[in-house]
Amino acid sequence: MLKRFFGAGRKPAAALPKAPENSRIYAVGDIHGRLDLLRRLHGLISDDAARHPATRRVVVYLGDYVDRGEDSAGVIDLLLGDPLPGFESVYLLGNHEEMMLDFFEDISIARSWMTNGGADTLMSYRVSPPMIFADEAVVTQVQQDLAGRLPEPHRAFLEGLSLSHQEGDYFFAHAGIRPGVPLEKQEKRDLIWIRNPFLESEQAHGKVIVHGHTITDEPDFRRNRIGIDTGAYATGRLTCLLLEGSNREFLQT
Ligand SMILES: [Mn+2]
């Protein structure tokens, strides 16, 4: 009787989401100009990799390299010039990189970019940011100054960023996805900007979505998504999610 009671309460374990075989996947949250933290996190990742032999090592950066922190230019320099050796590196687009690129096409974005930390990016390229109510001529000059100071490899880096990435049962995007839309049909705007209805959605999305963009004190592990933007620019905590097989861990500065 007792035996049967306990037996009936047992359910077969649901299949856990898995990273591809023989791979160790590292996903890095929003860096926002904190070169100091990126350096430290790269050190932690290298130490971890040395302790865990894997056939394949992948690092996926979730975007928002620039703005707010003090060395956006230095962050891009490091990613370009000193990538983690022995890793496949994947660089995703964040909404802040999109604002920066948009500024080259249309100066009307200047005000919202500046109020979202763009002034810090300009200063990291030794360009004086415009005052918030600067007239068109001034902002156009700033646009030209940045075009002149932004190294060509940085421009190519920004223009070459990917919108999403997949590894096994995981799908990576800067902000998330629009629930109910197949992953292969997601729109750029949602992938880099969405908050709700994605954050509150409890439905299965086909894969577990790994994202940044929305700040939480600690990594936000849900059944259908994992958020790893721990607000590094203000908190000093830059988070890296680590996936191998069905294991999940994280590294943090
Ligand atoms: Mn963002």
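The legends below describe close-up views of a predicted model.

**View 1. An open sheet of five strands with mixed pairing.** The strand order is S3-S2-S1-S9-S10. Strand S3 (88–91) and strand S10 (247–252) are at the edges, and each has a single partner strand, so one side of each lacks a neighbour in the sheet. From one strand to the next, the twist averages 20°.

**View 2. The parallel pair formed by strands S1 and S2.** Strand S1 covers residues 23–28 and strand S2 residues 56–61, and six bridges join them. Within this pair, Arg24 is opposite Arg57 in S2, and Tyr26 is opposite Val59 in S2. Strands of a sheet pair through backbone hydrogen bonds, in either a parallel or an antiparallel manner.

**View 3. The buried residues of strand S1.** Six of the six residues of S1 are buried, so the strand is largely enclosed by the rest of the structure. Ser23, Ile25 and Ala27 point one way from S1, while Arg24, Tyr26 and Val28 point the other way. Both of the residues named above as standing opposite S2, Arg24 and Tyr26, belong to the second set.

**View 4. Helix H2 lying across four strands of the sheet.** Helix H2 (residues 35–51) lies across S1, S2, strand S9 (239–244) and S10. The helix runs at about 165° to S1. An angle over 145 degrees counts as roughly antiparallel, so H2 and S1 are roughly antiparallel.

**View 5. The crossing of helices H3 and H7.** The axes of helix H3 (residues 72–81) and helix H7 (residues 152–159) come within 10 Å and cross at roughly 85°. The two helices are therefore roughly perpendicular to each other. On the H3 side, the residues in contact are Ala73, Ile76, Asp77, Leu79 and Leu80; they meet Pro153, His154, Phe157 and Leu158 in H7. By class, this contact has seven nonpolar, one polar and one charged residues.

**View 6. Buried and exposed faces of helix H7.** His154, Phe157 and Leu158 are buried in H7. These residues cover an arc of only 95° around the axis, which puts them on the same side of the helix. The buried residues of H7 pack against H3, S3 and helix H4 (95–105). On the face turned away from the buried side, H7 carries the exposed residues Glu152, Pro153 and Glu159. Pro153 is thus listed both among the exposed residues of H7 and among the residues of H7 that meet H3.

Note on methods
Residues numbered from 1 in each chain as written. Predicted model: local features only at pLDDT ≥ 70, side-chain atom pairs only at ≥ 80, totals over all residues. Heavy atoms only, no water. Pairing = 2+ DSSP bridges. Axes fitted to C-alpha atoms, helices over the stretch in contact; angles between N-to-C directions. Contact = heavy atoms within 4.5 Å. Parallel < 35°, antiparallel > 145°, perpendicular 65-115°, else oblique. Nonpolar A, V, L, I, M, F, W, Y, C, P; charged D, E, K, R; others polar. Buried < 20%, exposed > 50% of the residue type's maximum accessible area, 1.4 Å probe, protein only. Arc of directions from axis to C-beta.
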